[in-house]
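Grab your viewer and work through these exercises with the model open. Try each task on your own, then check the solution underneath.

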Amino acid sequence: MSKARRNSGQPRQTRVAWAGFAAGLMIVTLIGLRPLGWISTGTDCHGGKDGKDQELVVATGAEVGAGGIRRRLIKEWNNDPKKNIKARLVEISESTDEQRAEMVAAAQSGRCVYDVLLLDVAWTEEFARNGYIVPIPAEALAGREFLPNSLETGKFENEQYAVPFAADAPLLYVRNDGKNPPPPPRTVPDLLSSARNRGYAAQFSDYEGGTINLMEAILSGESTGTGGAERIMDALKDSGKVLGTLEEWHDVATASNGDLREESSLQAFRSGYVGYMRNWPFAYRRLVMDPSMRNDQGGLKFDLQAFPGVGILGGVNLAITRNSPHKKAAAELIGALTSPDAQRLLFACGGYAPVLESVYRDYAQVTGGAKTCGELLDGETGEGDRSAEPESEITTGQLRDFAEAVHQAVDRAVVRPKSAYYSTFSEVFRSCLLPVVLGSAVPPDFAEFADALRDAMDGKRHSGDHCPAPPET
């Protein structure tokens, strides 16, 4: 995989973008994740005198949905006269890696007591095994028909430690505003072939999103039937195929502002710099609500479908912390946030992927079941309260198409390796393979690499030289 071969036949703007991306990534890889300073100040996150105020503190990442719909649901809880305890949402960070680091630091220090955590689905085993969270009471799950894949991510040793709040699975966004656009790709080879000319944006950067995109690329290029860590390890046994797969993805990928993450991918797609984008469901509402993404007739300039390859299941789950003094109320709040009414609002008004089968059935109906954000808010208040609604809303037809694509993507997605040391595994996994994709390092010794990954799954740092140094230029 020489540099000369990589650059041959590529448009100059793509080569320049990749060069900037590679330079930025090499800097980022030198930075380790650390809890932010405020965690160690000793303050009580309940904000009251001596931490005795009666409130539920919900720790979460930054809002990615529209209209502040999560805060609206918390407000509804607080306005219910039957509730004798208020709830407060604390947004920690936009970065999933930083969210995890801060939540772990809070759990270990005990100085800042959260009651409910909104956890990435990959963290359940770590938080449960280390005793940071407690099993979910059965009443918080009663009467809910959760998506099987999503519900499974909240289990540890056959016990439910977390409840799905929002699902996530990769979607493929395809621009259709050019003359004679190609048909939507149904297979990965179709996508790779077309994207060589039209450009492709994804999330190949040094964070958890980079790990997920690498896993999807590798698993989409092989056919083993096992899942999780075993499937990744099986795929790596055929090092020649893995390297060929990574080279194919490098040859079609492009960069935005030197860093490919969710937002920069969205900008590259919106600007027309690329014809294809792999991204999460949150991007759909952002694009639909953008006037520049509509043609003169009001139609959308893009199509949507489930990612045609093997997708990795994402999403966030609700969990109750070990140190919470309000565990019963926390379970009740989790039940409220995962009710059918709450999930419909999160979907139609916020763009979150539902975790309940009933919501998908609603939006699969031609008439009656599918309601827009405005219709849901009017029905909820009876007074036309549109405070959570954008200036214009997504139509029922668009919501129906969105729900169909998301449901299919979640059903087909596979889980990441389960381990209490998943973050270590993820770091080792991408530290070797991202530079290979970028052409800034020689391929790793795959036997050493596999040993390093196994050690990482057990929380150990491998002593061997499994990631060779970048070649001299």
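**Exercise 1. Leaving a helix**

Task: find the residue just after α14 and say what its phi is, then work out how covered α14 is.

Solution: Keep in mind that you're looking at a predicted model.
- Start right after α14: Gly351 sits there with a positive phi of about 80 degrees.
- Now go back into the helix, where 8 of the 11 residues are buried, so α14 counts as mostly covered.
- Who are they? The buried residues are Ala342, Gln343, Leu345, Leu346, Phe347, Ala348, Cys349 and Gly350.

**Exercise 2. A salt bridge from α14**

Task: which side chain meets Arg344 in a salt bridge, and what parts of the chain does the pair tie together?

Solution:
- The partner is Asp362, with an N to O distance of 2.8 Å.
- Place the two ends: Arg344 belongs to helix α14 (residues 340-350), whereas Asp362 belongs to helix α15 (residues 357-364).
- The two parts are 18 residues apart in sequence, so this pair ties them together.
- Check the cover at the acid end: Asp362 has a relative accessible area of 15%, under the 20% cut-off, so it is buried.

**Exercise 3. Reaching across the chain**

Task: find the salt-bridge partner of Arg430 and decide whether each residue of the pair is buried or exposed.

Solution:
- Arg430 pairs with Asp206, and their closest N and O atoms are 2.9 Å apart.
- This one links distant parts of the chain: Arg430 is in helix α18 (residues 422-438), Asp206 is in the loop between β9 (200-201) and α8 (208-219), and 224 residues separate them.
- Arg430 has a relative accessible area of 8%, so call it buried.
- Asp206, at 14% relative accessibility, is buried too.

**Exercise 4. The helix after that loop**

Task: compare the span of α8 with what you'd expect, then count its buried residues.

Solution:
- α8 has 12 residues; at 1.5 Å a residue, the expected span is 16 Å.
- From first C-alpha to last, α8 reaches 17 Å, which is close to that.
- For cover, 12 of the 12 residues are buried, so α8 is largely enclosed by the rest of the structure.
- Among those buried residues are Glu208 and Glu216, along with Ile212, Leu214, Met215, Ile218 and Leu219.

**Exercise 5. More salt bridges**

Task: how many salt bridges does a search of the whole structure find, and how does accessibility split the Arg175 and Asp177 pair?

Solution:
- The search turns up 19 salt bridges.
- Arg175 and Asp177 form one of them, at 2.5 Å from N to O.
- Arg175 is buried, with a relative accessible area of 7%, whereas Asp177 is partly exposed at 40%.
- For a linked set, look at Arg70, Arg71 and Glu91, which are joined in a network of salt bridges.

**Exercise 6. Positive phi without glycine**

Task: where are Glu157 and Asn158, and what are their phi values?

Solution:
- Glu157 lies in the loop between β5 (155-156) and β6 (159-160), and Asn158 is in the loop between β5 and β6 as well.
- Glu157 isn't a glycine, yet its phi is positive, at about 50 degrees.
- Asn158 isn't a glycine either, and its phi is near 65 degrees.
- Finish with accessibility: Glu157 is exposed at 61%, and Asn158 is exposed at 80%.

Terms used. Residues are numbered from 1 along each chain as its sequence is written. This is a predicted model: local features need pLDDT of at least 70, side-chain atom pairs count only at pLDDT 80 or more; totals for chains, interfaces and linings use all residues. Side-chain values use heavy atoms; hydrogens and water are left out. A salt bridge is a side-chain nitrogen of Lys or Arg within 4 Å of a carboxyl oxygen of Asp or Glu. Buried means under 20% relative accessible area, exposed over 50%, partly exposed in between (1.4 Å probe, protein chains only). Helices (H or I, at least four residues) and strands (E, at least two) are DSSP runs, numbered from the N terminus. The expected span of a helix is 1.5 Å times one less than its number of residues.
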